[in-house]
Amino acid sequence: MSGRRRFLSKAIDPLIALLLGAGYVWLLLSTVKNLGYARDEGFYFQAAKSYGAWFDLLTTHPRQALEQITVDRYWSANHEHPALMKSLFALSHKYLYRHWHWFPEEGTSMRFAGMVVSSLAVSTTYLWGQKAIGRLGGLVAAVLLAMMPRVFFHSHLDCFDMPVAAMWLVTTYAYWRSLEHGGWAWPIATGILYGLLLDTKHNSWLLPFALIAHLVITRGGKLWRDLRAGRIPVPSALFAMATIGPAVFYMGWPWIWHDTGKRLAAYVAFHMGHVYYNMEFLGHTYWKPPMPLGYPWLMTLATVPGITLLLFGVGLVASLLYAYGGKLGELGRRIGIEPHARDPRRYSNDVLWALSILISYAPWLSHHTPIFGGTKHWITAYPFMCLFAARGFSLTLDRLRALGRARFGPGFVRTRATEVVLGASVLAAPIAITLHSHPWGLSAYTPLVGGAPGAATLGLNRTFWGYTTGAEAGYLDQHVPRNGSLFLHDTAMQSWDMLRADGRVRSDIRPTLNIEASGTALYHHEPHMERVEYQVWVDYGTDAPVHMGVYDGVPVIWIFARPLPAGGGG
Amino acid sequence: MIPGAELWQARPRCLPRAISGWPCPFCLAELAGHFYFAGRAPRLSDWQAQKTTLAGLKRHGELVVVAPHWADPLARLAFGRGLLPMRDEARPDDTAYRRAIEVGILGQHAPELSGWRTVEEKHVGRFLYRVLDNPAPAKVLYDFVDHVDPGHADAYQQQGTTRRTCPWNAHARRSDGGLAGHVAFPSRRFECGRRDSMFVGVTIIDDQDYRPRRCIWAHPPAGGPTVVVFRNVPVGRTVHGYGGLSWLLTRDGAGTPIELTVKIDGQSIGRVVHRDQQGWKGFDLPAGAHAGHTADVQFEVRSDNPDQRDFCFYADTR
């Protein structure tokens, strides 16, 4: 093989991964305009601006910037979450908006950092799928991930949920590569990536449980024998995660540079004792324990495209039978499983995927884990589900080829045609469902529960975070009177400010959180928030909205206008 | 072979047979299902086109119920408050309606009308209209919530031997507490003190299903009751009613119980003790010898610890 061909063959998959990631960023950017700013985004905008001001100070007055009083002043904003993503939002805003003017909108410049990190998940899913299953399998896995409605929604935001899924995946991938290749490069990379993961969101605390369980399961008796012989066979990547990881985490979060122990304890305490918000599930609003144990499973079924789940199931069962079916003996033979030797590489790979899924869902095995965040809280599992789905896809493809060959002879089913047809048919529904879900991402449900109308009838959460204001910006611009006052309801004031700064709503509209001071009122529907709608009814003297944001026939956000007093003109 | 599929090839030979064939038809079924469900529910314009049909069916005093309930806001926008008035939307229950028109979509029916007799059904596009008769409608003689005004009622607070009259204000300062705050305080009310919440007036609270309930707000003071007296009320056999507090604020059940005493011409006909976790809870108090007469009916609301006892009640005579 010539050097050029060798280079091409080595570069092709990273190049495909890069193109997938870049393509996803392009898709996110091209659909960002009518996606309003979510409640939490408003808080992160505010924090990122504060951190951005500190970065400015760091370049002009570094000594002053590093003093505790200065660090605390700028980094106390939103200190219940670590700093990596907000720092990236800040830097993206500083350079891509303020300095280089790549983006005409502040909000999009901040979201861009989230989009890029989220897209890493798509690229890495491809790379891992390609290595474990093949190029087509990698492609299918990556597109299935990108085309999950909730993944698509969260990937737009300047939040941490898709970024933490991406960072978990990238760290786990580096860990897997370190086991495959040995040496020091991958372990060190794993340590650094774990530090960044720690600095992204607290889901990161769970990853070591998955990796240690993986070590115990895959090494089994050998691990025990090593320990009895006085050897501690810890993979170098785990060692790096325990040493480099915390150092990177510490360096990346100035808030914990001072009073470190106290502030870390407060960070942990905040999330271990998180306040319970409300969440509707099967017609009941949960707001305190016991939380329903069926929540994550049903919500996964209801929001992840069915074909993705089906292929995931096929891939998982196949992997389980592959891993353990050989031990079934006569029973196995009866169901067509011959005793076989297990490839330790594939076994290790599959166990790592499975554990990442299990650990991501594990907190919801407790009645005490809040469910308010919906699917985003176990979104770290989704890339691994897509990788198993790619296994299922590959298996199905293989089966179709065998069927075709058996029926029509070896030349009938052309390999590429089968791949293209099956690939297209597998991806068609996820693509259609996901693109159709925009910009109502949190209201979208799959056909398995009857789509959005079926979910509404079942009593599944319609929306949260007040982001759908963005979808109704056009109506507000046309109908709110000049200098009129608008009750924002669940949209955070900071999110509205960003809509206004970006020119997405008229600048003369005066936002308010007081119904009585408003002439127009928004209402974002959640059952426990209906009391706010009733306040509008009484205050405005009408229960009839004047406009509604509707997704597939289901009302999501509605708008009230205060009726003019009798005899009032205009 | 798929490039790089060497790990995959290690699978046992017969394994795929049972599990690998059926994703193929599922792909297309899901796609078809997506388009079907996405277009299944009527759009806002479909609802708006139904206004004349509903207006032709509905007679004065009849109730309109939308099924499923989540479509109710669409109906309110499309039909307007003339056909779906706030009074009906926030009704205490359905017992007083002789007839209801159910506007149903997606094959859904309103569970609250399940015992009613269907007298007419009409399909119009994707809508099913059902006209239903209440098998045992109650005849309401007097709805107290409709009469909270100085022409029909007085309010005062009794603290020990001191009686403090609550003057009527038709232009009081409206206020709303938002998600975690108090319910809407209306502009027309009897004002019973300096604190905004000390008044008697009509508002809407959220019940245990977060549904609206129109009721008379009567916050008790410390050391005595808030009293509302309705004059010259035609009394039926019972005083029928409900009591409750805004569910979101009181669902943890930590509040002190509230007592509602009903008197006719100064004579007590019953006392209801309300606890937070009971939600919107009904009562029926027999009027006894007062039935069939015109009398003054008095409601007294008290609590041992009146802090945040934002009590609201509905009552009628029937």
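**Notebook: two buried spots and a surface patch**

I started with Thr300(A), which sits in helix α14 of chain A, the stretch covering residues 295–303. Worth jotting down at the outset: this is a predicted model.

Is Thr300(A) buried or exposed? I looked up its relative accessible area and got 6%. Buried means under 20%, so Thr300(A) goes down as buried.

Next I checked what Thr300(A) touches, skipping residues up to four places away in sequence. My list has Leu309(A), Tyr361(A), Trp378(A), Tyr382(A) and Met385(A).

Then I moved on to Met148(A). I found it in a loop of chain A, between α7 (135–146) and α8 (149–155). Its relative accessible area is 1%, so I noted Met148(A) as buried too.

Which residues is Met148(A) in contact with, once neighbours within four places in sequence are left aside? I wrote down Val304(A), Pro305(A), Thr308(A), Tyr382(A), Cys386(A) and Thr434(A). Tyr382(A) caught my eye, as I had it on the Thr300(A) list and here it is again for Met148(A).

I also looked at the pair Met148(A) and Cys386(A). They are 238 residues apart in sequence, yet C-alpha to C-alpha I get 9.9 Å in space.

Last stop was the surface. Trp224(A) belongs to helix α11 of chain A, residues 207–228. Its relative accessibility is 54%, and exposed means over 50%, so I put Trp224(A) down as exposed.

What does Trp224(A) form a nonpolar patch with? Its partners there are Leu227(A), Ile232(A), Val234(A) and Phe239(A), and together the five residues have about 570 Å² of accessible area.

Notes: Residues numbered from 1 in each chain as written. Chains lettered and ligands numbered in written order. Predicted model: local features only at pLDDT ≥ 70, side-chain atom pairs only at ≥ 80, totals over all residues. Heavy atoms only, no water. Helix = DSSP H or I, 4+ residues; strand = E, 2+ residues; numbered from the N terminus. Buried < 20%, exposed > 50% of the residue type's maximum accessible area, 1.4 Å probe, protein only. Contact = heavy atoms within 4.5 Å. Patch = residues over 30% accessible without salt bridge, like charges linked within 9 Å, V, L, I, M, F, W, Y side chains within 5 Å. Areas by Shrake-Rupley, 256 points an atom, 1.4 Å probe, with all protein chains shown as cover. Salt bridge = Lys/Arg side-chain N within 4 Å of Asp/Glu carboxyl O.
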